There are 2 protein chains.
Amino acid sequence: MLSEFDLIKRYFAQHHIQDSRVALGIGDDCALLNPSPGMQMAISSDMLVSGRHFFPDAAPRMLGHKCLAVNLSDLAAMGAKPIAFTLALSLPEANPAWLAEFSAGLLALADEHQCHLIGGDTTKGPLNICITIFGELPPGTALRRDAARSGDDIWVSGSLGDARLALAAYWNEVSLDPQVHQQAALRMHTPSPRIALGMALRGIAHAALDISDGLAGDLGHILDKSGVGATLLIDQLPAGPVLQTQPQDLRRQFTLNGGDDYELCFTAAVSNRQQILAAATQSNTVVTRIGQIDSASGLRLLDDEGKDLHLAYQSFDHFVNP
Amino acid sequence: MLSEFDLIKRYFAQHHIQDSRVALGIGDDCALLNPSPGMQMAISSDMLVSGRHFFPDAAPRMLGHKCLAVNLSDLAAMGAKPIAFTLALSLPEANPAWLAEFSAGLLALADEHQCHLIGGDTTKGPLNICITIFGELPPGTALRRDAARSGDDIWVSGSLGDARLALAAYWNEVSLDPQVHQQAALRMHTPSPRIALGMALRGIAHAALDISDGLAGDLGHILDKSGVGATLLIDQLPAGPVLQTQPQDLRRQFTLNGGDDYELCFTAAVSNRQQILAAATQSNTVVTRIGQIDSASGLRLLDDEGKDLHLAYQSFDHFVNP
């Protein structure tokens, strides 16, 4: 069996990091970063637990992708540019085949975003993956949750609900053709962090976050922090390509409450619509206007006829839902 | 049961962080730090797993202390000054009594070192605690593992082996009077990170690391990275107050190979002995000279008569040892 040190060296050491900000990578008590002068650092941690955030038999390459993607998505939601990350990994065993696949998926996405693995920890234990990620952005440009203003448009990137639809099929809540299920499942297993869009929205958008637990619940955090309410046009929510083929009720439920989308939800002044669309074009990302911020608290859901729909909505919460 | 958000707010939100470097703390997609101009950032992650790094029924207040202490110790080993940390926590249940104690122990040590909790994650799952810590230091002053030079003195802070002795008593490898066991166990459960010493050693010491897995194994990392060897005077190793009362063989084994000490082991030029002692006085920390760095590779162990002792020594390794 591989020792801890061999394991790190063999699978995770990225040789020749070409980045003057990384003064020291894996292998000492700490990594050393040289922050870019005048830049603020954005930091986020996510912990993914087997059986809760992913299936115990999840394909390790996609799992490696997803673990980093959810962290990159947090940087995107602040408008930060990725620099580096640490990886702490608890594994039941040092399985070389699993590690080769996991690290390949992780490092491919890291390379794509020039985000360097600079340190971490490995230990024996129940499968648990904790990544802490570092990005940078000019001070004062972060897209914060508390910055929504009454009258703002609400926007969302990409499409919603295909990940939740794939999960529903795994759980036999819905029946999907295997090929169709696989298409939706790719969305669940390999989300695309919206880094380029987040950076392009600096100075244009007001509030932003990434949708991990479902649009309604996550938007609720913006509303709470900003002391505002919102009206969403439920039939304007952009359903994913697979979800589009499903009945209206499922479309509404899964675009509104489906988790694992990792799209950005953001608000911006009506006068900035052209700039938002230009940022979307520049970052090669579709964006859709889905409602507006109100001064009255609460979340209202209107259909295309303007009828208020009192659908149940609640954020996914690890300690409330079983 | 508390929701995830209530839980974070109630137990972990440190109100009124008074530090201009912390631009944004808990509650958004990312925390925001303003690095001090011209300073390098030191970053380390440690993951502690129930049943492996601590007993499943560990007293939560001491566990909170220990989780942060092992991370602070990594900063100390680089000579970095603490700034902030993130906490990712997987819990089987949101037990208010456990959380109140855990957070009290964690935040008391955080306050002592003015190290701010700025973000993290909580989820349901097997008990797992992952902290990522951030410190700062002037560029070029980090105490790296690859900086030992032939002829250097080898030093160690504080004392060694009491944590391992406590563990031996838990495992019934040795028999200790309950009060004596408790004294040794405090050393195991509430280590003192040597932050002040680490900072005082900047520019004076060459290589350094913290001893988590045992002196011999950890010193081996310095030897490997620096391309040197060492001779240790095994009977000069400073045994902890409880271990001092034990037979010689146990003293030798546990000072040399005992884990969980979280003392600093460092090397420095012979010409810097007075400066090392001054740094120790300044940081109110005992240091002991225990050997020297050799150009010949390998680790030699001499007793006080100069006899070479071929004791078995090996670094604790999570994937080699069962």
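## Report on a predicted two-chain model

With a relative accessibility of 0%, A80(B) counts as buried, because buried means under 20% relative accessible area. The model described here is predicted. A80(B) sits in the loop that joins helix 2 (60–78) to strand 4 (81–91) of chain B. Beyond residues up to four places away in sequence, A80(B) touches A42(B), L75(B), G135(B), E136(B), L137(B), I195(B), M199(B) and R202(B). R251(B) follows 171 residues apart along the chain from A80(B), and the C-alpha atoms of the two are separated by 31 Å.

### Relation of the two chains

A turn of 180 degrees with a shift of 0.0 Å along the axis lays chain B on chain A with an RMSD of 0.0 Å. The two copies are thus related as by a two-fold rotation axis. Of the interface residues of chain B, 100% are also interface residues in chain A, so the copies meet through the same surface.

### Annotated positions in chain A

An unreviewed UniProt entry lists residues 27–136 of chain A as "domain: PurM-like N-terminal". Over residues 27–136, chain A is 33% helix and 38% strand, and the end C-alpha atoms are 24 Å apart.

For "binding site", the unreviewed UniProt entry lists D29(A), S44(A) and D74(A). These residues are spread over 46 residues of sequence and also spread in space, up to 26.3 Å between C-alpha atoms. Another "binding site" listing in UniProt (unreviewed entry) gives G120(A), D121(A), R145(A) and S212(A). Here the spread is over 93 residues of sequence, and in space it reaches up to 31.2 Å between C-alpha atoms.

The table gives the accessibility of some of these positions.

| Residue | Relative accessibility | Class |
|---|---|---|
| D29(A) | 4% | buried |
| S44(A) | 6% | buried |
| R145(A) | 12% | buried |
| G120(A) | 37% | partly exposed |

D29(A) lies in the loop between strand 1 (22–24) and strand 2 (31–33) of chain A. Not counting residues up to four places away in sequence, D29(A) touches S44(B), D74(B), A77(B), M78(B), R145(B), A208(B), L209(B) and D210(B).

S44(A) belongs to strand 3 (residues 40–49) of chain A. Apart from neighbours within four places in sequence, the contacts of S44(A) include N71(A), D74(A), I131(A), T132(A) and I133(A), and also D29(B) and C30(B) of the other chain.

R145(A) is placed in the loop between strand 6 (128–137) and strand 7 (153–157) of chain A. With neighbours within four places in sequence left aside, R145(A) is in contact with A207(A), A208(A), L209(A), H221(A), I222(A), K225(A) and S226(A), as well as with G27(B), D28(B) and D29(B).

G120(A) is part of strand 5 (residues 116–124) of chain A. Outside its neighbours within four places in sequence, G120(A) is in contact with T86(A), L87(A) and S45(B).

### Packing of helix 2 and helix 5

Two packed helices are described by the angle between their axes and the distance between the axes. In chain A, the axes of helix 2 (residues 60–78) and helix 5 (residues 178–189) come within 9 Å and cross at roughly 45 degrees. That angle makes helix 2 of chain A oblique to helix 5 of chain A. M62(A), H65(A) and K66(A) of helix 2 meet L186(A), M188(A) and H189(A) of helix 5. By class, this contact in chain A has three nonpolar, two polar and one charged residues.

In chain B, helix 2 and helix 5 pack with their axes 9 Å apart, at an angle of about 45 degrees. Helix 2 and helix 5 of chain B are therefore oblique to each other. From helix 2 of chain B, M62(B), H65(B) and K66(B) meet L186(B), M188(B) and H189(B) in helix 5. The residues of this contact in chain B are three nonpolar, two polar and one charged.

### Positive phi angles in chain B

Q114(B) is not a glycine, although it has a positive phi of about 45 degrees. Its place is the loop between helix 3 (96–112) and strand 5 (116–124) of chain B. Q114(B) is exposed, with a relative accessible area of 56%.

N172(B), also not a glycine, has a positive phi of about 60 degrees. N172(B) lies in the loop that runs between helix 4 (162–170) and helix 5 (178–189) of chain B. The relative accessible area of N172(B) is 68%, and the residue is exposed.

Technical notes
Residues are numbered from 1 along each chain as its sequence is written. Chains are lettered from A and ligands numbered from 1 in the order in which they are written. This is a predicted model: local features need pLDDT of at least 70, side-chain atom pairs count only at pLDDT 80 or more; totals for chains, interfaces and linings use all residues. Side-chain values use heavy atoms; hydrogens and water are left out. Copies are superposed by least squares on the C-alpha atoms of residues with pLDDT of at least 70 in both. Contact means heavy atoms within 4.5 Å. UniProt positions are given in the numbering used here, feature names are shortened, and annotations may be inferred rather than shown by experiment. Helices (H or I, at least four residues) and strands (E, at least two) are DSSP runs, numbered from the N terminus. Buried means under 20% relative accessible area, exposed over 50%, partly exposed in between (1.4 Å probe, protein chains only). Axes are lines fitted to C-alpha atoms, for helices over the stretch in contact, and angles run from 0 to 180 degrees between N-to-C directions. Angles under 35 degrees count as roughly parallel, over 145 as roughly antiparallel, 65 to 115 as roughly perpendicular and the rest as oblique. Ala, Val, Leu, Ile, Met, Phe, Trp, Tyr, Cys and Pro count as nonpolar, Asp, Glu, Lys and Arg as charged, and the others, Gly among them, as polar.
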